[in-house]
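Visitor: I would like to learn how to read a few features of a model like this one. Could you take me through them?

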2 protein chains.
Amino acid sequence: MKHTAIWNAATFALAFPLALVAQGVPPPSVAPPAITSPMAPSEVVASAPAADWVAIDPADLLVMELSADARGRARRVIIQLMPAPFAQGWVSNMRALAAAHWWDGTSVNRVQDNYVVQWGDASEAKPLPDGLRTVPQAEYEVDFQGASLSADRYSAVSPNFFGGGNDPYGRSEFYAGWPVASMFVGTGLRARNHVWPVHCYGMVGVGRGLSPDTGTGAELYTVIGHAPRHLDRNIALVGRVIEGIEHLSSLPRGTGALGFYESAEERAVITSVRLGSELAAADLPRFQYLNTNSSSFYRYSDARANRRDAFFIVPAGGADICNVPVPVRRVPAP
Amino acid sequence: MKHTAIWNAATFALAFPLALVAQGVPPPSVAPPAITSPMAPSEVVASAPAADWVAIDPADLLVMELSADARGRARRVIIQLMPAPFAQGWVSNMRALAAAHWWDGTSVNRVQDNYVVQWGDASEAKPLPDGLRTVPQAEYEVDFQGASLSADRYSAVSPNFFGGGNDPYGRSEFYAGWPVASMFVGTGLRARNHVWPVHCYGMVGVGRGLSPDTGTGAELYTVIGHAPRHLDRNIALVGRVIEGIEHLSSLPRGTGALGFYESAEERAVITSVRLGSELAAADLPRFQYLNTNSSSFYRYSDARANRRDAFFIVPAGGADICNVPVPVRRVPAP
């Protein structure tokens with residue numbers, strides 16, 4: 001066992017020379033603020049100045065209406081689409097599917113406890129609109145050394161919050177308001193910094209068959225349990241549920257294999273899916289997310305990792321990335 | 001940033017001298033098996049020999065019946081109580097509460113999405129049975145250097161599966177079939193190896209007020225979302241749901257603060273809670289868990305960390321501890 005521990009330490013030093021670790025996470029563009037007050041994470045978020053919030057373009061939202069629940073109440077789920085440079089092939093397909101109203105009349109077909117809710121065309125026979133792209137596996141992750149990126153989109157979070165930034169799945173950070181992981185792929189001079197979004201609760205991904213390029217974006221799922229991080233890099237993440245996930249996560253679990261429903265009447269019907277920008281002005285959904293490169297986010301991530309509010313006795317001193325969900329809020333029309 | 005990275009490496013070396021890291025996880029008593037076949041985790045579990053399964057004593061189960069659902073179907077939830085040396089003060093209270101049929105007629109009062117389902121006496125006025133203990137904060141974690149323990153209850157899992165065993169919350173491992181974390185508390189010769197169960201999906205904990213000794217075990221919760229590991233060491237974990245968690249996780253979310261229901265009719269009624277050993281022989285629930293100190297568990301944890309079944313393209317090379325749920329199965333009566 002001692003031998004193993006020594007081997008691990010040596011391997012760590014070999015695999016992550018300090019210069020490369022530093023290269024993995026560019027410095028945040030804001031100075032870490034002094035953490036003095038024992039605020040709960042929700043209090044940090046409530047006190048964030050307006051300048052630390054970023055508007056979400058309604059054109060980057062999908063608004064999904066399910067059939068009313070047993071008590072006749074409307075069920076609306078709002079999904080924010082993944083921004084560039086991630087997964088834009090599938091996102092482009094999803095915009096085309098929404099514009100064609102393709103999802104109208106499809107259904108929620110699978111609810112597997114502590115895993116995913118999946119929706120799309122249960123018959124698997126509905127013709128797709130023309131012009132959808134076949135997107136290759138290569139687009140599951142982005143080569144950040146080859147991409148055109150602005151440093152100010154990186155997160156203002158101390159790498160200490162994620163156990164030094166490294167977890168069993170790579171290096172955790174945030175980019176432009178989204179949880180991502182990164183890893184050097186290749187060795188030596190050929191090493192490239194690959195970055196991909198991660199499977200936290202509420203993230204939306206593309207169902208596919210065995211071949212990695214078989215998912216179009218018509219069949220989708222969202223995470224309703226502990227982050228299934230083994231799916232990272234194996235499937236495309238294309239968005240996240242920012243409102244109404246309870247309408248999916250509280251659906252009855254399917255009793256078939258993998259949580260698929262065994263009869264049509266169990267399936268919640270998707271009455272419509274629209275791009276946010278297609279809605280009437282009065283109904284236009286307006287949201288903001290907390291800039292992950294702001295002092296407020298730094299304070300928030302610190303408060304998540306070190307709970308100092310009255311209930312807590314022992315601050316954890318760290319947090320895994322999915323335990324630091326990016327705050328999103330609904331705002332009134334201007 | 002380079003400066004921070006260097007500081008981290010130095011701090012790591014100071015905080016975790018190799019001898020102490022090695023001391024944190026005693027060697028498993030089985031030799032790591034060769035991993036050759038590309039089996040899915042479920043296939044590894046299905047092929048585990050009978051000798052690798054451990055019977056759960058029905059006396060260590062709580063059987064909770066909820067009122068029938070909207071379609072008239074029974075809803076039974078089965079909870080395995082935490083074994084020694086963890087949290088036995090609260091577990092003893094829970095046995096007394098079940099023996100007194102105290103929970104009969106109480107209700108599920110809180111369902112907060114991606115967090116917890118909580119149940120107990122909504123009126124907070126029901127008299128408790130005599131003889132319940134007040135359990136101090138000290139029992140949230142166990143000093144393994146002071147405890148009488150058998151080495152063969154440690155997990156047969158490579159520490160590599162958890163990113164070297166260290167995550168932002170301490171050191172991850174399994175003990176006697178349960179996910180636990182550990183950390184050296186104190187420094188130098190006074191350092192003690194503290195161990196505590198962790199808040200994975202389905203774990204059951206004791207609701208309390210602001211003072212850490214205010215929870216009796218009458219008010220309970222279970223995790224229905226991403227592991228809220230910041231609760232570790234701050235609240236007592238006393239068991240886990242091993243069957244029927246979908247009856248809790250699919251309940252409608254409460255619309256009050258913290259997910260509490262705002263009206264009595266929203267609450268699912270708990271019609272009874274019984275110790276498994278109180279049930280008639282024909283109804284006695286019989287379960288087994290996969291021995292976490294077996295070759296089968298080693299293979300299973302490897303398969304969770306390195307998915308090799310046909311769907312997967314890139315094995316993660318690691319897993320966080322809550323992504324390696326301990327397999328539990330129902331077995332026929334002998």
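Guide: Gladly! Let us begin with burial: a residue is buried under 20% relative accessible area, exposed over 50%, and partly exposed in between (1.4 Å probe, protein chains only). A:Cys200 and A:Cys322 are both buried in that sense. Some ground rules: this is a predicted model, where local features need pLDDT of at least 70 and side-chain atom pairs count only at pLDDT 80 or more, while totals for chains, interfaces and linings use all residues. Residues are numbered from 1 along each chain as its sequence is written, chains are lettered from A and ligands numbered from 1 in the order in which they are written, and side-chain values use heavy atoms, with hydrogens and water left out.

Visitor: How many disulfides does the structure hold over all chains?

Guide: In general, a disulfide is a covalent bond between the sulfur atoms of two cysteines. Here the criterion is a pair of cysteine sulfur atoms within 2.5 Å, and the structure holds 2 over all chains. One of them joins A:Cys200 and A:Cys322, with sulfur atoms 2.1 Å apart. This disulfide is left-handed because the torsion about its S-S bond is about -80°. It links distant parts of the chain, 122 residues apart: A:Cys200 lies in the loop between strands S10 (192-197) and S11 of chain A, and A:Cys322 in the loop between helix H6 (295-305) and strand S16 (328-330) of chain A.

Visitor: And what is the handedness of the link of B:Cys200 and B:Cys322?

Guide: That link is left-handed, with -75° about the S-S bond. B:Cys200 and B:Cys322 are both buried.

Visitor: Which strands pair with S13 of chain A?

Guide: Helices (H or I, at least four residues) and strands (E, at least two) are DSSP runs, numbered from the N terminus. Two strands pair if DSSP finds at least two bridges between them. S13(A) pairs in the antiparallel sense with S3 (residues 75-81) of chain A over 4 bridges, and with S11 (residues 203-206) of chain A, also antiparallel, over 3 bridges. A:Ile78 stands opposite A:Glu243, while A:Gly205 has A:Leu237 as its bridge partner. Of the 7 residues in S13(A) (237-243), 6 are buried.

Visitor: How many residues has the largest nonpolar core?

Guide: A nonpolar core is a set of buried Ala, Val, Leu, Ile, Met, Phe, Trp, Tyr and Cys residues joined through side-chain atoms within 4.5 Å. The largest has 83 residues, and those with the most contacts inside it include A:Val238 and A:Leu248. A second, separate core of 80 residues includes B:Val45 and B:Val238.
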